[in-house]
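Open the model in your viewer and keep a selection panel at hand. The stops below go from the whole chain to one helix and its surroundings.

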Amino acid sequence: MSQRLVKTPCDGQAVVVQLGWDRPLAGFYCVVEAADNQGDEYVYSNLTDVELLDCHGLSPDLAYFEAVLQRLGIRVPAAMFQATREDAANNVGNRVVWYDEEPPMGGVPGAVGLISRPQR
């Protein structure tokens, strides 16, 4: 499973968005949780999305999660979506990448720093 993460604001609180490709199940996933989450409370989880129940919580199309994040008012770097699509095309697993927050207004979309952290 690939994991692409960013800490970003949502409704006045910091959240962590995780997008990825689930290699064994061949589908995209998305989870949004409060950055200071101490429990199992999620702002959004693909596993509880009723629209995805027939697909075991996964989407065959990453555009579905782009729309979900847009409805939630959450912005993430465009590079996250592109890289996640590449993960699917290459059937990548065991990759964890943290992105910096979305660049400020007027910044270059997708021109964000990223920190790759190998999974242990």
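**Whole chain**

Start with everything selected: among contacts in the protein (heavy atoms within 4.5 Å) between residues at least 6 apart in sequence, 47% join residues at least 24 apart. This is a predicted model, in which local features need pLDDT of at least 70 and side-chain atom pairs count only at pLDDT 80 or more, while totals for chains, interfaces and linings use all residues. Residues are numbered from 1 along each chain as its sequence is written, and side-chain values use heavy atoms, with hydrogens and water left out.

Colour by secondary structure next. The protein has 2 helices and 6 strands, in the order β-β-β-β-α-α-β-β from the N terminus. These are DSSP runs numbered from the N terminus: helices are H or I with at least four residues, strands are E with at least two.

Now show the surface. About 7000 Å² is exposed, with carbon and sulfur atoms supplying 51% of it; the areas come from the Shrake-Rupley method with a 1.4 Å probe. Of the 120 residues, 42% are buried. Buried means under 20% relative accessible area and exposed over 50% (1.4 Å probe, protein chains only).

**Helix 1**

Select residues 63-72, which form helix 1, and show the side chains of its buried residues, Phe-65, Val-68 and Leu-69. They lie on the same side of helix 1 because they cover an arc of only 95° around the axis, taken from the directions from the helix axis to the C-beta atoms. On the other side, Gln-70 and Arg-71 are exposed.

To see what covers the buried residues of helix 1, add its cover, including strand 2 (13-22), strand 3 (27-34), strand 4 (44-45) and helix 2 (78-89). Finish at Gly-73, just after helix 1, where phi is positive at about 75°.
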